[in-house]
Amino acid sequence: MSNWTDVAAEADLFEGAGIPVAPAGHDIALYLQDGQVFATDNLCTHGHAKLCDGFLEGFEIECPFHQGRFDIRSGAATLAPCTEPIRSWPVKVEGGRVWLDLA
Ligand code: FES
């Protein structure tokens, strides 16, 4: 079962960094890269840094605390000290809005 939820305007996104959204109590970061939108949990699994404060390079988000990295497409940890993945969320863009499946 899916639970598509409108979380942001597509026009609010920009390349190079994420933006935070908090639908239904979740803490999620949205990213724009190569014209595609991606969503992951916003909290780094290494500490309590917000990935929306980090730096997006290609499909990797760099944590602002210790410069670990995650792949925004899968949530996989790609650079130490990050080893635990973050959750990635299904995204669709419709009618100029960004929707996440929170199911
Ligand atoms: Fe993110 Fe340490 S808190 S790399």
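**Exercise 1. Find which residues touch the most other members of the largest nonpolar core, and which strands supply the core.**

Step 1: Of the 24 residues in the largest nonpolar core, it's Ala29, Leu30, Tyr31 and Ala39 that touch the most other members. A nonpolar core here is a set of buried Ala, Val, Leu, Ile, Met, Phe, Trp, Tyr and Cys residues joined through C-beta atoms within 7 Å. Buried means 20 or more other C-beta atoms within 10 Å of a residue's own, exposed means 12 or fewer, and partly exposed is in between, with C-beta atoms placed from the backbone.

Before going on, a word on the model. This is a predicted model: local features need pLDDT of at least 70, side-chain atom pairs count only at pLDDT 80 or more, and totals for chains, interfaces and linings use all residues. Residues are numbered from 1 along each chain as its sequence is written.

Step 2: S1, S3, S4 and S11 each supply at least two residues of the core, and S3 gives the most, with five. Strands are DSSP E runs of at least two residues, and helices are H or I runs of at least four, numbered from the N terminus.

Step 3: Zoom in on Tyr31. Leaving out residues up to four places away in sequence, Tyr31 touches Gly18, Phe38, Leu56, Ile61 and Ile72. Two residues are in contact if their C-beta atoms, placed from the backbone, lie within 7 Å.

**Exercise 2. Work out the order of the strands in the four-stranded sheet and which ones stand at the edges.**

Step 1: The order is S2-S3-S4-S9, in an open sheet with antiparallel pairing. Two strands pair if DSSP finds at least two bridges between them.

Step 2: S2 and S9 are the edges: each has a single partner strand, so one side of each is left without a neighbour in the sheet.

Step 3: Check one pairing. S2 and S3 run antiparallel and are joined by three bridges, and Pro20 has Ala29 in S3 as its bridge partner.

**Exercise 3. Do the same for the three-stranded sheet.**

Step 1: Here the open sheet runs S1-S11-S10, again with antiparallel pairing. Strand S1 (4-9) and strand S10 (91-94) are the edge strands, each pairing on one side only.

Step 2: S1 is joined to strand S11 (residues 97-101) by five bridges, and Asp6 stands opposite Trp99 in S11.

**Exercise 4. Is Cys52 buried or exposed, and what does it touch?**

Step 1: Cys52 sits in the loop between S4 and strand S5 (55-57).

Step 2: Cys52 counts as buried because 21 other C-beta atoms lie within 10 Å.

Step 3: Not counting residues up to four places away in sequence, Cys52 touches Gly18, Ile19, Pro20, Ala29 and Asn42. The C-alpha atoms of Cys52 and Thr40 are 9.9 Å apart, with the two residues twelve places apart along the chain.

**Exercise 5. Track down the unusual backbone spots.**

Step 1: Know the baseline: most residues other than glycine have a negative phi, and most peptide bonds are trans.

Step 2: Ala24, in the loop between strand S2 (19-21) and strand S3 (28-33), has a positive phi near 50 degrees. Ala24 counts as exposed because it has 10 C-beta neighbours inside 10 Å.

Step 3: Asp34, in the loop between S3 and strand S4 (36-41), has a positive phi of about 55 degrees. Asp34 is exposed too, with 8 other C-beta atoms within 10 Å.

Step 4: For the peptide bond, look at Ala80 to Pro81: it's cis, with omega near 10 degrees. Pro81 is in the loop between strand S8 (77-79) and strand S9 (88-89).
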